[in-house]
Amino acid sequence: MEEARRTAARVLANIRAARPLVLSLTNTVAQAFTANALLAVGASPIMLEDETETQELLRARCGGLLVNVGTLTAAQAVTMQTAVRTANGCGVPWVLDPVAFGLLSFRTSFCRELLPFRPAIIRGNPSEIISLADAGGTPTSRGTESTIPPADALEAARRLALTHRTSVLVTGEVDYATDGTAVHALRTGHPLMARVAGTGCVLGALCAACLPCARTPLEAAVAAACIMGEAGRRAAARATRAGSFATALLDELGSAE
């Protein structure tokens, strides 16, 4: 964990120095919380819905892209697919957050279509990662919640990472980051994080912010998980209810070092 904390501190310092622009194509539930969290760590968030503006931004000065399918619509899917194609053409690293993959057919088929475009990081709960790794098998996802321990999804995460040449971040009581070969177990965070809507979405956006400021996608995933988890642990030390915890979490992200 000490190595992960040092990595997180270095990447966080790089974020605050570079202030990377992060385009978050994310769900409507988490937009404001995500924007505030990115601002807190020193990144510059922007949320767009228009396909043309998305292309223009990615070609101009974007540092990282988040694609979160939490409240996916047909129109949003078109924008997201265009954004991913544009990001690949411009060398902008992107993060896939396959919310509820395997639970609903539209988002499931859409995420499958995005995988060949090689996200730099895939972030998901254990159910989502297992379902994504075994796309032809029995769906295990229950949406934003998972009853499967993160360790039980580690082999699926490694397989997914190797197959698609990406890094995978499995989140839960213990977070696991892997590129298919190396594995990092990150024991941070607090149970209160599961009581606040959007904390997982924020973590995906932090991954996108870390990508242009880290040496590798795996390092970015480790840094993001550590930054978020440590902030959650500190926030829980002074806030015992979900509402006050959400505010404390933003404060801790802003004061993280």
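Tyr176 in strand 7 has Ala185 as its bridge partner in strand 8. On the other strand next door, Val170 stands opposite that tyrosine, Tyr176 of strand 7. Keep in mind as you look that this is a predicted model.

Let's stay with those strands for a moment. Strand 7 covers residues 175–178, and 4 bridges join it to strand 8, with the two running antiparallel. The two strands make a hairpin with 4 residues between them, and in that turn Gly180 has a positive phi of about 100 degrees. Now go back the other way along the chain. Strand 6 and strand 7 are antiparallel as well, paired over 3 bridges, and they too form a hairpin with 4 residues in between. What about the two faces of strand 7? Both are covered: Asp175 and Ala177 are buried on one side, and Tyr176 and Thr178 are buried on the other.

Thr178 also leads us to a neighbour worth a look, since Thr166 touches Thr178 and Asp179. You'll find Thr166 in the loop between helix 7 (154–164) and strand 6 (167–170). Is Thr166 buried or exposed? Its relative accessible area is 6%, so Thr166 counts as buried. Its side chain has polar company there: the backbone oxygen of Pro119 lies 2.6 Å from a polar atom of the Thr166 side chain, and the backbone oxygen of Ala120 is 3.1 Å from a polar atom of that side chain. Leaving aside residues up to four places away in sequence, the contacts of Thr166 also include Ile121, Ile122, Leu160 and Ala161.

From here, jump to the start of the chain. Helix 1 takes in residues 2–18, and its 17 residues reach 24 Å from the first C-alpha to the last, close to the 24 Å expected at 1.5 Å a residue. Which residues of helix 1 are buried? They are Ala4, Thr7, Ala8, Val11, Leu12 and Ile15. These buried residues cover an arc of only 130 degrees around the axis, so they sit on the same side of helix 1. Turn to the other side of helix 1 and you meet Glu3, Arg6 and Ala17, which are exposed. What covers the buried residues of helix 1 includes strand 8 (183–186), the hairpin partner we met earlier, along with helix 2 (31–41), helix 8 (199–210) and helix 9 (217–238). Just after helix 1 comes Arg19, with a positive phi near 45 degrees.

Helix 10 is another one to follow. It spans residues 242–255, and its 14 residues should span 20 Å at 1.5 Å a residue, which agrees with end C-alpha atoms 20 Å apart. Its buried residues are Phe245, Ala246, Ala248, Leu249, Glu252 and Leu253. In helix 10, these buried residues pack against helix 1, helix 2, helix 8 and helix 9.

Last, the cysteines. How many disulfides does a search of the whole structure find? It turns up 0. Cys90 is in no disulfide, and the nearest cysteine sulfur, from Cys62, is 9.4 Å away. With 36% relative accessibility, Cys90 is partly exposed. Cys201 is in no disulfide either; its nearest cysteine sulfur belongs to Cys207 and is 12 Å away. Cys201 has 12% relative accessibility, so it counts as buried.

Notes. Residues are numbered from 1 along each chain as its sequence is written. This is a predicted model: local features need pLDDT of at least 70, side-chain atom pairs count only at pLDDT 80 or more; totals for chains, interfaces and linings use all residues. Side-chain values use heavy atoms; hydrogens and water are left out. Buried means under 20% relative accessible area, exposed over 50%, partly exposed in between (1.4 Å probe, protein chains only). A polar contact is a pair of N or O atoms within 3.5 Å; within protein, one must be able to donate a hydrogen and the other to accept it, and residues adjacent in sequence count only if both atoms are side-chain atoms. Contact means heavy atoms within 4.5 Å. A disulfide is a pair of cysteine sulfur atoms within 2.5 Å. The expected span of a helix is 1.5 Å times one less than its number of residues. The arc is that of the directions from the helix axis to the C-beta atoms. Two strands pair if DSSP finds at least two bridges between them.
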